[in-house]
Amino acid sequence: MLKKKLCTWLECKPLLMFLKFKDEVSSVLSNALESAGFETCDMALGESPHADIASSVAFRLASRYKKSPKEICDIIRDKIKIVPDSYIERVETAGPYLNFFASRAFLNENVLRILLDRENFGRLGNKGKIILEHTSANPDGPLHIGHVRNSVIGDTLARILDRAGFDVERQYYINDMGRQVAVVVWGLENFKLDTTKKPDHAIAEVYIEANKTLVDEKEHSPEVNNFMKKYEEGDTDTITLFRNAMDTAILGIKETLIRMNIHHDNFILESRFVRSGDVDKIVERIKETGRAAIKDGALMVDLKDKGIQKALVIQRSDGTSLYTTRDLAYHEWKAGQCDRMIDILGADHKLISSQLKAVLSIIGIKEPEIVIFEFVSLPEGSMSTRRGVFISADEVLDQVRQAAYEEVAKRRPETDEEFKKKVSEFVGIGAVRYDIIRVSPEKSTTFDWKQALDFEKQGAPFIQYAHARACSIIKNAEEKGAVLGEFDPNILVEEQEVALIKKLAAFENVIDIAAHDLKPALPAIYARELADAFNQFYRFVPVLSAEPEYVKARLALVECSRIVLANALDTLGITAPESM
RNA sequence: GGGCUCGUGGCUUAGCCAGGAUAUAGCGCCGGGCUUCUAACCCGGAUGCCGGGGGUUCGAAUCCCCUCGGGCCCGCCA
């Protein structure tokens, strides 16, 4: 059996090879510095187009030891000792730079490791429970494209952290005590819900209509306030009305999320923290610190010593709680059941989230890590559910699917309707997710239909296509009777093969950095580069028409590519198709 | 007015936190490649005072200061 053989082969081999390669370079270099009599400082390791790992450490020592960087570099190189079986093949100097290259052993073991670990390749050994909160859109209408940015960033980060080894719980926090839900409830009492529409869209209609009416007819405002008051007091009939409204909206929201391969493990109502008394308790705790003071009737916390000029109001003058107070209680609750908390929030929450963190630190509660993303606006300005000015996620998904359908129909006219529909759905979802995640969260963006529906760019379909190609080769191989079996990885020496293996090997490092820095765009960029490397291999290195021993080895490399492409796509929440 | 953030070829964008080798990639543009494992592909080319100005440094897209432009926020909304 191939698998058994691989197991024996890889016994005692490190699980994380790229990380080991990096460590090896680091220690080899560190030893060389020491024996050369240089003080070991920052190794200055980095990526480079000239090497697999490069070091510019010579610059840092130059002035201190009164030698040119180049001289220092040569001295270091002469002191470098590479042991047999090392993942380092050799080290070269290029002027003041030290360039390290990966060894054949590194390449071979990666190929074998991928074949052995399969979907678990790139899974890291981190431990600990993380509660990641994302989306948390108010239940007053469908998700719009701004919410989707939150959802996609949150879900991708959750997938990255999961692959990095953490136990990740995804939570959706429902703000059920704010005015918007009360407006929806009031609207449902006064207007008819269109039950033929998707429930979240129907709720939005009622919400928009209610808001319009409440502006025009101010006399209804107390009715909304009354709903809020009775809900906060725990009136059972009112609770039923609120639950009904929220369930309807959330039902539709969940449907959209599921369509995008996004799920939550837990939906948490903010009202539970008021009813449980946790909100009152946390207010008392803050009062005990002596930092809270009544000003204009409201209870405020001074945060100047935390670098925040704006004091935070934690209780209204009428004694009721605010969103922030309830959020404090929510975080206290979360902190008690995990090692880390991560919140994905829009840029409008920058100040409030730093205030939240400051208050939590004052009362000795673990602080959340906050990932802020900038706004998605429309060419005509910012979106607003209340005013009905937004582009819904469903609308975008439908349009993109339609555009994808036209592409499939054009490219694969011989396929049946079911195939075209299936492909256009996963291509559409993938395109939307990829387009969002490839851009760093801190960039503000303007939604553009033309750009959203453009399939010519090198995005998700490009990566999915590379995966489908790999599957196709494997399928054709099976039909020809060529199966995966024993092979000699040493013969994979073509330029494109070596480049592809190195790219495959980098996956675990990408996950490691993305998880550490909370950068969801990294796997997206990596997946595109991997697809690129695979396509070049595909173009220049024949697999099935090669000599028999090459067929075996290259087929194994195709399988490796398929596995890692699938893992990368899975990390992005994008379908890895066998055919498209 | 104050705070945060972004500004990189026509457009979108990586690199910035931890300063170093010709500044990343895509779209678009120009040119080439389907009798060959799916051409949603591959190869080549043109296009950049890294918003502007100063400073630190042997070296700045990256660090510091100033300035201009976009976005977001600024005590009882969420």
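1. In this predicted model, the surface near RNA strand B comprises 28 nonpolar, 18 polar and 25 charged residues. In total, 71 residues surround RNA strand B, and the closest are Tyr97, Val313, Arg411, Tyr465 and Ser472. On the side of the RNA, sugar and phosphate make up 62% of the atoms of strand B that come within 4 Å of the protein.

2. Helix H18, which spans residues 460–479, gives the most to the surface near RNA strand B, with eight residues.

3. Three side chains may be inspected individually for their polar approach to RNA strand B. For Arg528, an N or O atom of the side chain is 2.8 Å from a sugar or linking oxygen of the strand. For Gln536, the partner is a phosphate oxygen of RNA strand B, and a polar side-chain atom lies 3.4 Å from it. For Ser579, the partner is a base oxygen of the strand, at 3.4 Å from an N or O atom of the side chain.

4. The largest pocket of the protein has a volume of about 1300 Å³. Its lining consists of 50 residues, of which Asn138, His147, Asn175, Asp348 and His349 are the closest to the centre of the pocket. The elements that give two or more residues to this lining include helix H6 (145–163), helix H7 (179–190), helix H8 (199–216) and helix H13 (323–335). Strand S11 (340–346), helix H14 (350–362) and strand S12 (369–373) also belong to that group. Helix H8 provides the largest share of the lining, six residues.

5. As to residue classes, the lining of the largest pocket divides into 19 nonpolar, 18 polar and 13 charged residues. The corresponding numbers for the surface near RNA strand B are 28 nonpolar, 18 polar and 25 charged.

6. A further point concerns Ser86, which is found in the loop between helix H4 (69–79) and strand S3 (88–94). Is this residue, Ser86, buried or exposed? Ser86 counts as buried because its relative accessibility is 6%, and the cut-off for burial is under 20%.

7. The surroundings of Ser86 can be stated residue by residue. Not counting residues up to four places away in sequence, Ser86 touches Glu24, Ser103 and Ala105. With one of these, Glu24, the contact is also polar: the side chains of Ser86 and Glu24 make a polar contact at 2.2 Å.

How values were computed
Residues are numbered from 1 along each chain as its sequence is written. Chains are lettered from A and ligands numbered from 1 in the order in which they are written. This is a predicted model: local features need pLDDT of at least 70, side-chain atom pairs count only at pLDDT 80 or more; totals for chains, interfaces and linings use all residues. Side-chain values use heavy atoms; hydrogens and water are left out. A residue is near a molecule or strand if one of its heavy atoms lies within 4 Å of it. A polar contact is a pair of N or O atoms within 3.5 Å; within protein, one must be able to donate a hydrogen and the other to accept it, and residues adjacent in sequence count only if both atoms are side-chain atoms. Helices (H or I, at least four residues) and strands (E, at least two) are DSSP runs, numbered from the N terminus. Ala, Val, Leu, Ile, Met, Phe, Trp, Tyr, Cys and Pro count as nonpolar, Asp, Glu, Lys and Arg as charged, and the others, Gly among them, as polar. On a 1 Å grid over the protein atoms alone, a cavity is a set of points where a 1.4 Å probe fits but cannot get out, and a pocket is an open set with protein on both sides within 12 Å along at least five of seven lines; lining residues have an atom within 4 Å of a point. Grid points are joined across faces, edges and corners, and a volume is the space filled by probe spheres set on the points. Buried means under 20% relative accessible area, exposed over 50%, partly exposed in between (1.4 Å probe, protein chains only). Contact means heavy atoms within 4.5 Å.
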